[in-house]
Structures are given as structure tokens and as C-alpha cells.
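Trainee: Could we go through this one together? I'd like to know why things get the names they get.
Mentor: Sure, let's have a look at it.

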Amino acid sequence: MNLLTKFNLWREKQNLAPRSAFRRVLKKQLLFAWEGKYGVVKKPWFVHYAGAIATGLVVVLTGTTGAYAYTSPQVTDGTLLYPVKRAIEKVEEKTKTTPEAKAAFYLKQIDRREAEKAVLAGQQKRVKRVEVEIEKNEESLSIVEREISTSTSPGIKARVEEQLKKRKERLERRGWVLQKQKQEAVKSGQETGSEDNH
Amino acid sequence: MASRKDFEKFYNEHFDRIYRFVFFRCRDRELAEDLVSEIFLKALNHFADFDEARGKAAWLMTIAKNHLANYWRDRKATVSLTAVDETGEEEEAEFLGLKQALQAWQKAKDTSLVYELLGKIEPIEAEIVTLHYLFGYSYLEIAEMRGVSEGAIKVAAHRALKKLRKHL
């Protein structure tokens, strides 16, 4: 159909349109007639608030689930709510702007991972992953330690130093173990080589 | 059981189209408003009896056509509702009403080609074009009204538009 025909048809359609006032008035009259014929159906009071009640329930459930996930050491890697816990922690991390606040946060994270590690050790699973998380937090802590000012509370400073000392000892122990393993590997390699020579 | 909300939705969906149809046939706004009010009141009284298989548009159109036919009969219209065309055959009242309306609109708006062109094509095709383009019914609804397939309506509409283009 060409454009002119389309336009002419559209224009005639507009000319045939009803008045809006008539549309509104007739609707009111008909709905009034409907109520007169079939009566007005009264809904129970809570139906009017169904939307608000449902929204409220969702908010409360989300809030309590989130709070439980965040605070409970039983929520560990592999459980359903663990991603919720980690997401809340990520958001919390973003809110820490000063070095002191960051240090306190990483110390708290280490405590939380230790608590999870204890739960997982009891269940004998996924301990290694939690240990990796602890080390990550310690690394972040060591970076932040340099920025901590002298006026920081002695409590936090002492805890930071203690945690980093533990880390140093653990790394040294691991380094010593690795060195020992290397030495043994070299020794056994030498012995095997001399046997081959013979 | 149909509810007030169902009827309200039904009214919102069909009011404009039925008004256009009635106004097109009677060419008088005040008369069209009275007739449309009466048509919707009839629909309201029989809303519970409505046949789901038929489609709401077709059902309401049947009420409207019957109501218009009753109105013209009661008014003792000067033109009889059956007439003989050039070939000597009787035309259906339905299509004669459409033809008269097209001619009357053409006289009233002689700058518009639309009504003249619609008068030149087959009555069935003119009805499909007016129902779809002037009143706003879909091809499916028109098919339900006429009791044929949607495909047949689309083919007829396509043929009608081709003829309209030829006459332009």
C-alpha cells in the first residue's frame, strides 16, 4: 500500500475517533451499572497490603540470611551461603579507606578464616583453600603496615605486628622445609648419577 | 465468573473500535454515543454468557450490528435494507449499509479519495479494509467475525489494497 493511501486511511481513522470525555463518562456509568447488577466484591483487608507485606518479608528474609551468613563461622567454603558471606566482605572492604581501618579489617578477616579453618578441619575438607585466603589477607596486611601512622591505637599495632611475625615464622619454616627438600633431591640425584657411572 | 476488572479490560480494549464502527454507519456523533452506550450496556448484561470460542471482538460486533439493525428498523428507514444492484441481484443488508455509509462519507468529505475508492471495490473487501484500517481490528478478529480463516482475510485484504492502488 502506498504512503498516500496509508496516510488517508489513518486520517479518516482519526476523524472517526470518539471524544475522550465520552469514553470516561461511559466507563464510569458502566462500572456503576456492573456494581448495581453484581454487587461490590469486598476483598479482605490484607489483600490491599499484600504487595507491601510480600516486600517486607523479602527484605527481612534477605537481611537475616545475610546477617547469619556474615557472622557464622559454620558458613564455610562449599556451603550455600558462602558466596553471600564473601560478597558482604568484599563490600565491607571497599568501605575501609584509611590504613588503620584496612589493617583492622584484614586482622578481622584472618580471625574469620581461622575460625572457618577450625570448622573445616573438624570436617576434614578444604583446609588448604582457607589457608591460602589467610595468607592473602596477611599479604594485604603487610602492605598496609607501612602506611599505618604512629598515632594508631597500640592495640591494632600490636596485633598487626604479632600477625606479621607469625607469618614470617611460617614462611621461614616453609623456606627451611623447601631447602631441606631441595638438598635431599640433590643428594639423591648425585647418588643415582654415581650408580649410573658404575 | 467474570469480574468487574474483566469487564473494564474488555471495555478499554473494544470501546474505540466499536465507536468508530457505529459512528461510521450512522454519521452522527450524538446518535453514535447513544447507540454505543446501549451496545455496551447489552454487553454488560450478557457478559457472563459470552462464548469464549468465538472471540470477544466478534461477539461485540454481533451485538452492535443487531442493535444498529434494530435501530434502523424501528426508525422505519426511508431506504429499504435490501436493494437490487446493477446485475439484478439482491445485496445483503449488511453490505448495503456499508455501501450507503461509504457513499455518504464520500459526499460529506469530497476531498478524500478513500471513501470513493472503497466504494469501487467488492463489498467484502471494502468491509475488511474498513474494519482493519479505519476501525483498528486485527485480521484474526475479522476472521472470527466472518467465520473464516485468518489467511483468507489476509489474502482478501491484499487483493483489496492492490485494487485501491490501481484506482489511484
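Mentor: What follows is a short chat about the interface and a surface patch, and keep in mind that the model is predicted.

Trainee: Why is the pair A:Glu35 and B:Arg4 called a salt bridge?

Mentor: The two side chains come to 2.8 Å, N to O. The cut-off is 4 Å between a side-chain nitrogen of Lys or Arg and a carboxyl oxygen of Asp or Glu, so the pair qualifies. Across the interface of chain A and chain B, the rule finds 4 salt bridges, along with 10 residue pairs in polar contact.

Trainee: Which elements of chain A give two or more residues to the side that touches chain B?

Mentor: Those are α1 (3–15) and α2 (20–38). The largest share, 11 residues, comes from α2(A). By type, this side of chain A splits into 12 nonpolar, 4 polar and 8 charged residues.

Trainee: And how many residues are in contact between the chains?

Mentor: 24 residues of chain A are in contact with 36 of chain B. Together the chains bury about 3,100 Å², with 67% of that on carbon and sulfur atoms.

Trainee: What makes A:Trp45, A:Phe46, A:Val47, A:Tyr49, A:Ile53 and A:Leu57 a nonpolar patch?

Mentor: A patch member needs over 30% relative accessible area, and nonpolar side chains are joined within 5 Å; these six form such a patch, so the name fits. Their accessible area together is about 650 Å². Helices α3 (45–48) and α4 (50–71) of chain A each give two or more residues, and α3(A) has the largest share, with 3. A:Trp45 is found in α3.

Conventions: Residues numbered from 1 in each chain as written. Chains lettered and ligands numbered in written order. Predicted model: local features only at pLDDT ≥ 70, side-chain atom pairs only at ≥ 80, totals over all residues. Heavy atoms only, no water. Contact = heavy atoms within 4.5 Å. Buried area = accessible area lost by both parts, 1.4 Å probe. Polar contact = N/O pair within 3.5 Å; in protein donor to acceptor, adjacent residues only side chain to side chain. Helix = DSSP H or I, 4+ residues; strand = E, 2+ residues; numbered from the N terminus. Nonpolar A, V, L, I, M, F, W, Y, C, P; charged D, E, K, R; others polar. Patch = residues over 30% accessible without salt bridge, like charges linked within 9 Å, V, L, I, M, F, W, Y side chains within 5 Å. Areas by Shrake-Rupley, 256 points an atom, 1.4 Å probe, with all protein chains shown as cover.
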